Amino acid sequence: MMPQATHDELARQNFMQSLSVHVNRKMASGNKAVYEKVVKPNFEQKHQRYPENRHEILQEMETQSYYHWWSILKRFQQEMMWESVGASVERQLPDLITKAKNIHNQIGSLILDPNFQIPAYMTEVDIHCMPGGYHTEIIENDLAAGAVYDRGVYVYGRGWLGTLNDDMGHSVIQNYLQPHYPNLKPQKILDMGCAVGHSTLPYIDAYPEAEIYGIDIAAPMLHYGHARAEALNKPVNLSQQNAEKTNFTDGSFDLIVSHILLHEIPAYAIQNVMRECYRLLSPGGIMVHLDAPLYRHMDAYTAFISEWQTINNNEPFWSEMRELDLTALVTEAGFQSDKTTEAFIRKYSCKTPKASSSEKIPPVSVRPTWFVLTAQK
Ligand SMILES: C[S@@+](CC[C@H](N)C(=O)[O-])C[C@H]1O[C@@H](n2cnc3c(N)ncnc32)[C@H](O)[C@@H]1O
């Protein structure tokens, strides 16, 4: 199902990758130099101390033209990256829809809900500048958003998310579940906010006796994800549902996972998701929610750079989620605090970065760990 690129489309997508390296590594390290050599000493002179948090750093960095240049280029790079994939997907959309029809429901299943109410927090912005977000459908059987996301993640990630963009699923399995629960034999597994199933599919191979379910609010992601799973010969049951309130019965699952869902939904929705996990897990069942580190895990400068996502990249809940007391939300949902963990796990496909002397803060793409929030019922 992967959309294919013509020579010129590929050249454009490759250019977007090169520009991303330039902006996110080379230029980003210049940003740090501006901070260390100009902003920090100026701040110290004014306040007789260094900046203590990301807000203070932002206020001062906004006076620096280098930061503005970097920001503008980074935003353009993000928009152009989606555009380089979107135009290519649009060209081949009729063929992709036909392919999807031909492999429909052979080993897995897909249930879409024509009356589904998409939460406003997903429709009000084009999330991370992806035109139309995850949910927009323009033609019948539209799966363009899923196709754009699948190919776009390769262009964005430049390989660091794994061969099938499946690093997060493998990381949870290999570096959290297998070491902590070596005898786990789940019968039913649910992946919340599964998108096109990048992280869902590794659970099929790791737990071959389990039935695997994935839910998402976005029909085009599921539509594409279903065809993709069928094409890859992986049986999975996908349905269009809100993870805050699903139609599964109490205690249906032994394992519930999510991968980079939490930072894309508001705090009240995270709370609802935790309550829903508690309801859906069988006694002894486990949940694992993977995301990037929280602000309290970062120094002030790294947090300032991280917050760029909320301020400039249509990630409205990126910062909100990174400031939450997630353990408190989980225990409020019913889980016991001594059975709730916040941990770092190694990225499955990570090669430890070779830090160059000019690159003090490793770019997001080579940080070797994921953050996980876990609990056992
Ligand atoms: C960053 S993507 C997730 C990527 C995917 N889990 C993976 O590992 O490749 C976030 C997904 O969450 C979905 N989503 C957002 N809010 C949701 C909700 N309340 N319930 C279910 N899915 C949701 C979006 O439609 C989107 O597909």
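Let's start in the middle of the fold: the buried residues of H5 pack against three helices, namely H1 (7-47), H3 (65-102) and H8 (219-231). Keep in mind as you look around that this is a predicted model.

How many of H5's 14 residues are buried? It's 12 of them, so the helix is largely enclosed by the rest of the structure. The buried set includes small residues you can pick out easily, such as Ala144, Ala145, Gly146 and Ala147, but also Tyr149, Asp150 and Arg151. The helix length checks out too: at 1.5 Å a residue, residues 144-157 should span 20 Å, and the end C-alpha atoms sit 19 Å apart, which agrees. Just after H5 comes arginine 158, which has a positive phi, near 50 degrees.

Now hop over to H9, residues 267-280. The same sum applies here: 14 residues at 1.5 Å each should give 20 Å, and the end C-alpha atoms are 20 Å apart, so the two agree. Among the buried residues of H9 are Ala269, Ile270, Val273 and Met274, along with Gln271 and Glu276.

Finally, the ligand. It has 21 residues around it, and the closest are Tyr121, Gly193, Ser199, Asp216 and Asn242. That shell splits into 13 nonpolar, six polar and two charged residues. Look at the ligand's nitrogen atoms: one is 2.9 Å from a side-chain N or O atom of tyrosine 121. On the backbone side, an N or O atom of glycine 193 comes to 2.8 Å from a ligand nitrogen, and one from isoleucine 217 lies 3.5 Å from a ligand nitrogen. On its own the ligand has 600 Å² of accessible area, and the protein covers 99% of that.

Definitions and conventions
Residues are numbered from 1 along each chain as its sequence is written. This is a predicted model: local features need pLDDT of at least 70, side-chain atom pairs count only at pLDDT 80 or more; totals for chains, interfaces and linings use all residues. Side-chain values use heavy atoms; hydrogens and water are left out. A residue is near a molecule or strand if one of its heavy atoms lies within 4 Å of it. A polar contact is a pair of N or O atoms within 3.5 Å; within protein, one must be able to donate a hydrogen and the other to accept it, and residues adjacent in sequence count only if both atoms are side-chain atoms. Accessible areas come from the Shrake-Rupley method with a 1.4 Å probe; for residues, only the protein chains shown count as cover. Ala, Val, Leu, Ile, Met, Phe, Trp, Tyr, Cys and Pro count as nonpolar, Asp, Glu, Lys and Arg as charged, and the others, Gly among them, as polar. Helices (H or I, at least four residues) and strands (E, at least two) are DSSP runs, numbered from the N terminus. The expected span of a helix is 1.5 Å times one less than its number of residues. Buried means under 20% relative accessible area, exposed over 50%, partly exposed in between (1.4 Å probe, protein chains only). Contact means heavy atoms within 4.5 Å.
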